[in-house]
Amino acid sequence: MLDDRERDQLTIALGREPTETELHIVSVMWSERRSYKSSKRWFQLFKTDGERVVLGLGGGAGLVDLGDDVILGIALESNNHPFQVNSYGGATSGVAGVISDVISHGCRPIGLMNCLRFGDPRKPKNAENLGDAARGISEFANSVGIPMVGGDLEFDESFERNNLFNVACIGVTESDRIVRGVVSQPGDSLILFGAKTANERLSGPSKYTTPMGSPLTKRILIDTLEQLLEEGFLAGLEDLGGGGLASAGAKLAAKGNIGLNILLERVPLKEEDIEPVDILLSESQDRMLAVVAPQNLESVLRILDENEVPNAVIGWVTDDDMLTIRYYVDEIAKVPVILLLSGFPEPKRYEEYLEERTTSTAWVKEPDDHAEVLLRLLESANITSREWLYSQFDQHIQGNTLVDIGENSGVLELPKGKRVAFTAACNSTWCSLDPFTGAANSAALALRNLVSMGAKPILIADCLNLGNPERPEPYSQFVETARGVGEFSRHFDIPVVTGNVSPYNEADVDGVCLRIKPTPQIIMAGLLPEGRLPLRRSLCTPWANVFLVGETHRELNGTEFQRFQLGRTEGIPPGYQPEAEKRTMNAVLSVIEKGLARSCNNVGRGGLGVALLKMVIRGNYGFRLDLSDVPGTAKKQSAILYSESSARYIVEVTETKQPEFLKVMNQHRAAVCELGLTMAEPTASFGSFVIQREKARKSYENGLRQYMKNL
Amino acid sequence: MHSVTIAVVKFPGTNSEKDVIRALQAIPDAEPQIVLSREDPALLLDADGVIIPGGLSYGDYVRANAVAMIDDMRDVIREIADSGKPMMGIGNGFQILSEFKILPGSLKPNKTGRFVSKWVYLRVCENPTMFTEGLEGKIVRIPVAHLEGRYQIGKKGLEKLNSSHEVVMKYCDVDGEMTSDANPNGSIENIAAVVNEKENVLGLMPHPERAVRGEVGSNDGLLILENFVRAAEER
């Protein structure tokens, strides 16, 4: 609902009292979710432009030029509130919605990613929610026929009452298929097509049902759109998502600097007796709104009819820059388009100082048995293999998947041999301890996931999931995470091309506010050099050298090791080191491009020990290393093994390539040290202790299954 | 050489037809064409071979959407099976052929109750079929992706399948062992693919059209599709 200030502003702008319908429309359009009224002012922190950017932040989907007229589209959405109410339904409607964002820009959908957050998986309810989410995503995505290329899954008590579901869709198109703006003349027709409209809302009063979307309808819609775009019949296109017809109409009108006249009684309905305002604001899935010139009208309607897609001409283009809504003879709303989209008064928001943390690691007790700690870390909820989840998603449909989920990134081959790696990352623990550093380092983690496969990062998509922005603490967390993502994007010159903000992820339970840890979900894509295949992380030669690139510092606060040893996380999380990160990135990209690396992994959650074991678990070889001394301030075994310092990689290099490898490291001033050799036997020898591959594999693969076995 | 027309049938909800067509386009002389299930089923009779690709669960959609049309389609598909022309059902296409009683047995929900998507190894039977020429006794690697792929058949049916060599592929591990760990869905005797008695109709759960280039992990699927095209040409 509008507050007094907003209502006054609306009345002044209209020059009269708003009608009932206008009040409804404006309160939806000026809501935080639709308008980003608390957050928009901070988007200037992001780097948003770049040579490759065809359509940047604010366009619903980002479009990026890969060269040779191959254009990559990406959209990232959150569907947290419906997902909290119903994991299955929320997952389904989230996937359905994000596909629409991409296809409405003229892209063919070629990949999906899902990012999930739940409470402690040892509680049956949380495991059950994960199971339901997996079923919802898998039924929808697999049926529509879009492969899953990656994602993120994190467990933390703070998500107990606010499960998170962020979902991305990747598409591909060519420049002449992009539906850019709206080029139209007054009198052009406005066509609504796709599913029929029902009395549904994504969130809101319980009198509305939740839209579910149907994979079959979506499939038919994708195929039909393909046909319409191929012929160039559409002068403008917008999908109907949150805010329904009102929002889609306003966005479409704004793109073309036009007005629209909409006749609500013409909207094809799934059920009778829907109030006009509910027709206007319905959030039923799988619907599209298009502008069509008179000469193409007949052909468009014929194609829609042939494909059995419900459709109707529901209005026409005007030249008055107004959204005019009629229901039979009554004009029930007439609002300037610009007023709907950006006429809100900026709300006042307050920041506060966030709690100071300490760098002290006095809590560390040097473990007696590192092998045992590493095995326990490998099966811990936030490190263990996600195979239970991702094996439920079709990863190979469309035949372009070069790397399945489970490596550092998923890799797809796009037209004309463009190979693109995709990864998702966010460490909400780091972000809760220091939102700026945590957000920037989450992005750095995503970057290393791409770089370790040989892909050069080209774009960022982000979704900032936070608490209530009307309260100072979560608002400050929001500003700091936005600053973290922004600084990162500028330091590394990687544009943020699409994004989303999900506020209000908190719940009052018995007077206590349960708020999520700030979760700036990062998705990043990277381009592989022409003709190159992605590098994997399993060791692949015996008697090769294993090098550690980067410095390891005594950074144990906020780590998985701290969670394991203390049962909680505290202190200042690992530092964000843009300069060191750049040096190691450039060094590693260069050695991979020159063909000097046999395998590569980056160091992330769990630290060096876990990263090394992941190189053994799925391969045929082991290693014999000496970890007594590595570059950086980490001296004790615990710091060397478990520190989560950023800017680090492990690279396997054969004997003959060593001199050149070291030369490149030197050129880039990247710290490097030889840890030891790979071995023909599948055993991980760390010097003072040894772990058999089968044991490590069992821990790693059992992790998630142990919680899900009753499902 | 003349071109070999392969009809690729698209039911409502079929989602792999483009992958099959793209894979066939890489085979010299193959001329794939989509036939929509709402079109005249007789179009299938003109083709040299017929492929029914995978898609949404057969039961949920095909039955609900177009019962009358399915009757016509069933008759034509039976006619093709009887004619000896090569026909292949992949994934849910296999399910359709078993529902039409053209292939023995049935496909039930996976043992886990969950969808499964992964690369699997398959042991190809020793007995030669037109689809597996050159692959007899070999281990191939092809992905599966299904919710209902657990092959089931009664005791007598199974005996007949085995005695008349109608089992074409079995799930196995990398060394060719038919272990239960290697069985992705709980199929009886690890069965992944069968042929009809005349050996001109193949049903298989793995997706050969997704294993057609070394870069994606294997081109074993292409060998099966090439055999299919050759068989269609020879007829």
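**Figure 1. Strands β1(B) and β2(B) run side by side.** In this predicted model, β1(B) and β2(B) are parallel and joined by seven bridges. Two strands count as paired when DSSP finds at least two bridges between them. Look for Val8(B), which stands opposite Ile34(B) in β2(B). Six of the seven residues of β1(B) are buried, so the strand is largely enclosed by the rest of the structure. Here a residue is buried with 20 or more other C-beta atoms within 10 Å of its own, exposed with 12 or fewer, and partly exposed in between, the C-beta atoms being placed from the backbone. Strands are DSSP runs of E with at least two residues, helices are runs of H or I with at least four, and both are numbered from the N terminus. Residues are numbered from 1 along each chain as its sequence is written, while chains are lettered from A and ligands numbered from 1 in the order in which they are written. Because the model is predicted, local features need pLDDT of at least 70 and side-chain atom pairs count only at pLDDT 80 or more, whereas totals for chains, interfaces and linings use all residues.

**Figure 2. The open sheet of chain B has nine strands.** Step across the sheet and you meet β2-β1-β3-β4-β11-β10-β9-β6-β7 of chain B, with mixed pairing. β2 (30-36) and β7 (139-146) of chain B stand at the edges with a single partner strand each, so one side of each has no neighbour in the sheet. From one strand to the next, the twist averages 25 degrees; angles run from 0 to 180 degrees between N-to-C directions, and axes are lines fitted to C-alpha atoms, for helices over the stretch in contact. Within the sheet, β4 (87-90) and β11 (201-204) of chain B run parallel and are joined by four bridges, where Met88(B) has Leu202(B) as its bridge partner.

**Figure 3. Two helices lie against the chain B strands.** Helix α1 (residues 17-25) of chain B lies across β1 (4-10), β2 and β3 (49-52) of chain B, at about 165 degrees to β2(B). Helix α7 (residues 220-234) of chain B packs on the sheet, where its contacts are β1, β2, β3, β4 and β7 of chain B, and its direction makes about 115 degrees with that of β1(B). Residues are in contact if their C-beta atoms, placed from the backbone, lie within 7 Å.

**Figure 4. Helices α6(A) and α7(A) pack together.** Their axes are 9 Å apart, at an angle of about 30 degrees. Phe140(A), Ser143(A) and Val144(A) of α6(A) meet Pro215(A), Lys218(A) and Arg219(A) of α7(A).

**Figure 5. Chain A meets chain B.** Here 21 residues of chain A are in contact with 21 residues of chain B. On the chain A side, α6 (124-144), α7 (215-230) and β14 (401-403) each give two or more residues. The most come from α6(A), which gives four.

**Figure 6. Glu593(A) sits in helix α18 (residues 578-593) of chain A.** This residue is partly exposed, with 15 other C-beta atoms within 10 Å. Leaving out residues up to four places away in sequence, Glu593(A) touches Gly454(A) and Pro529(A). The C-alpha atoms of Glu593(A) and Ala455(A) are separated by 9.3 Å, although the two residues are 138 residues apart along the chain.
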